[in-house]
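The following exercises concern a single protein model. Each task is followed by a solution that proceeds step by step.

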Amino acid sequence: LSRRPEEPVLLAELKPGRPQRYDWKSSCETWSVAFSPEGAWFAWSQGHCVVKLIPWPLDEAELCKTSERKSRGSKVEARSRGVAKEKTLECGQIVWGLAFSSWPAAEAGQTDPTCAVGLPCLILATGLNDGQIKVWEVQTGHLLFSLLGHQDVVRDLSFAPNGSLILVSASRDKTLRIWDLSRDGRQVQVLSGHVQWVYCCSISPDCSMLCSAAGEKSALLWSMRSYTLIRRLEGHQSSVVSCDFSPDSALLVTASYDACVIMWDPYTGEQLRTLRHVPLHSAVDYSSEVHTSSLRSVCFSPEGLYLATVADDRLLRIWALELRSPVAFAPMTNGLCCMYFPHGGFIATGTRDGHVQFWTAPRVLSSLKHLCRKALRTFLTTYQVLALPIPRKLKEFLTYRTF
């Protein structure tokens, strides 16, 4: 029998400094947080046009600021960071979206101004209030590209996980744009189909699909090969604001203002499960201005067995894949976004106050069954699984229909 996970514990809460040249009462929201793919850096849009880059793990001084850490005996794994130091990027505009990617090392004989020969580097894309996308080299803080094309706020960014340097941007101008940084940031495609602001974009780990969420009751699923619309995912009763794929690309989750997360099979468009955010009055003192229906963010854990959600009811919830109710929750105020650490064990959340919080997350040893399913689904579509000459029960398990 699986043991119920412990409630998330707040490890640390970082607050931005008070810049003298800004009115602190506005433009301070942390709209986006991001871990680099290998987990060595954390980026935080701390408001007032500033992005803070923090080496991970946090040092002991930061972690010890929160006394709750010691109450559960949580520890952060030690990791050598060399001479890495915190960095600040002055972006010149309010920062809404963040995305990391690795830049391949240049080979001998190549003239690549981005990275030194033989040394891969890390880049960070920032989506700005004026429609620009600025791409930075993390180690030096140098600006590499200013991508122009969007006519309004760039709300979200997503790099293709295969290292191809393909970047997708989602904007309030109701479009998504595809950029190829390996070709000097050339704009490859403009995707039109939304009639409201686009809030979120997510590329599947196998790089075959793209999901986008706007202020509409449906999410759109696109092909990353042909950049054409595959289908509309209809089922929510209010605006869809966040989406994420499972690590094996076999599942897609969408979060909406209707207080529901829907789990989809992206290949068939079938709704597999609905997770409803029921108010927990005993845990939270609600005030009249809080709208419990306003979900803000959803994300999968790295092994694909848990989900995290942030909503306006002042709770961070953890959901197990096979259950319809949260298995753990923690009180938090004014949450806007959440993201798992790529190796598990931690969740970062951003707030309307410009703060970022780091929470413990359930560590799980995946069963052999799940590992086999994950390995198979990484390269088999739902239709290919259903065509296999195997028992029906096994097909149901491999297509996540045994919930």
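**Exercise 1. The surroundings of Leu 124**

Leu 124 belongs to strand 7 (residues 121-128). Strands (E, at least two residues) and helices (H or I, at least four) are DSSP runs numbered from the N terminus. The model is predicted, so local features require pLDDT of at least 70 and side-chain atom pairs pLDDT 80 or more, whereas totals for chains, interfaces and linings use all residues. Residues are numbered from 1 along each chain as its sequence is written, and side-chain values use heavy atoms, with hydrogens and water left out.

Task: Determine whether Leu 124 is buried or exposed, and state which residues it touches.

Solution.
Step 1. The relative accessible area of Leu 124 is 0%, so this residue is buried. The cut-offs are under 20% for buried, over 50% for exposed and in between for partly exposed (1.4 Å probe, protein chains only).
Step 2. Residues up to four places away in sequence are not counted; the contacts of Leu 124 then include Ala 43, Val 51, Leu 53, Leu 89 and Leu 98, as well as Lys 134, Val 135, Trp 136 and Val 138. A contact means heavy atoms within 4.5 Å.
Step 3. For Lys 134, 10 residues from Leu 124 in sequence, the C-alpha to C-alpha distance to Leu 124 is 8.3 Å.

**Exercise 2. Annotated repeats**

Task: Which residues does UniProt assign to the feature "repeat: WD", and what is the strand content of residues 124-146?

Solution.
Step 1. The unreviewed UniProt entry places the feature at residues 124-146, 147-182, 191-232, 233-274 and 288-322. UniProt positions follow the numbering used here, feature names are shortened, and annotations may be inferred rather than shown by experiment.
Step 2. Residues 124-146 are 61% strand and 0% helix, with the end C-alpha atoms 12 Å apart.
Step 3. For residues 147-182 the figures are 53% strand and 0% helix, and 13 Å separates the end C-alpha atoms.
Step 4. As a whole, the protein has five helices and 28 strands.

**Exercise 3. Aromatic pairs**

Task: How many aromatic pairs does the structure hold, and what is the geometry of the pair formed by Trp 56 and Phe 346?

Solution.
Step 1. There are 10 aromatic pairs in the structure. Rings of Phe, Tyr and Trp (its six-membered ring) pair if their centres lie within 6.5 Å; planes under 30 degrees apart are stacked, over 60 edge-to-face and the rest tilted.
Step 2. The ring centres of Trp 56 and Phe 346 are 5.5 Å apart with planes at 70°, so this pair is edge-to-face.
Step 3. Trp 56 is in the loop between strand 4 (50-55) and helix 1 (60-63), and Phe 346 is in strand 27 (residues 346-351), so the pair ties together parts 290 residues apart in sequence.
Step 4. Trp 56 is buried at 4% relative accessible area, and Phe 346 is buried at 4%.
Step 5. Phe 341 and Phe 346 have ring centres 5.9 Å apart and planes at 75°, so they also pair edge-to-face. Phe 341 is buried, with a relative accessibility of 4%.
Step 6. One aromatic cluster is formed by Phe 35, Phe 42, Trp 56, Phe 341, Phe 346 and Phe 358.

**Exercise 4. A charge over two rings**

Task: Over which rings does the charged end of Arg 172 sit?

Solution.
Step 1. The charged end of Arg 172 sits over the ring of Trp 96, 4.6 Å from the ring centre. The criterion is NZ of Lys or CZ of Arg within 6 Å of the ring centre and within 35 degrees of the ring normal.
Step 2. The charged end of Arg 172 also sits over the ring of Trp 197, at 4.0 Å from the centre.

**Exercise 5. Cysteines**

Task: How many disulfides does the whole structure contain?

Solution.
Step 1. A search of the whole structure finds zero disulfides, a disulfide being a pair of cysteine sulfur atoms within 2.5 Å.
Step 2. For Cys 211, the nearest cysteine sulfur is that of Cys 243, 3.8 Å away.
Step 3. Cys 211 is buried at 0% relative accessible area, while Cys 372 is partly exposed at 41%.
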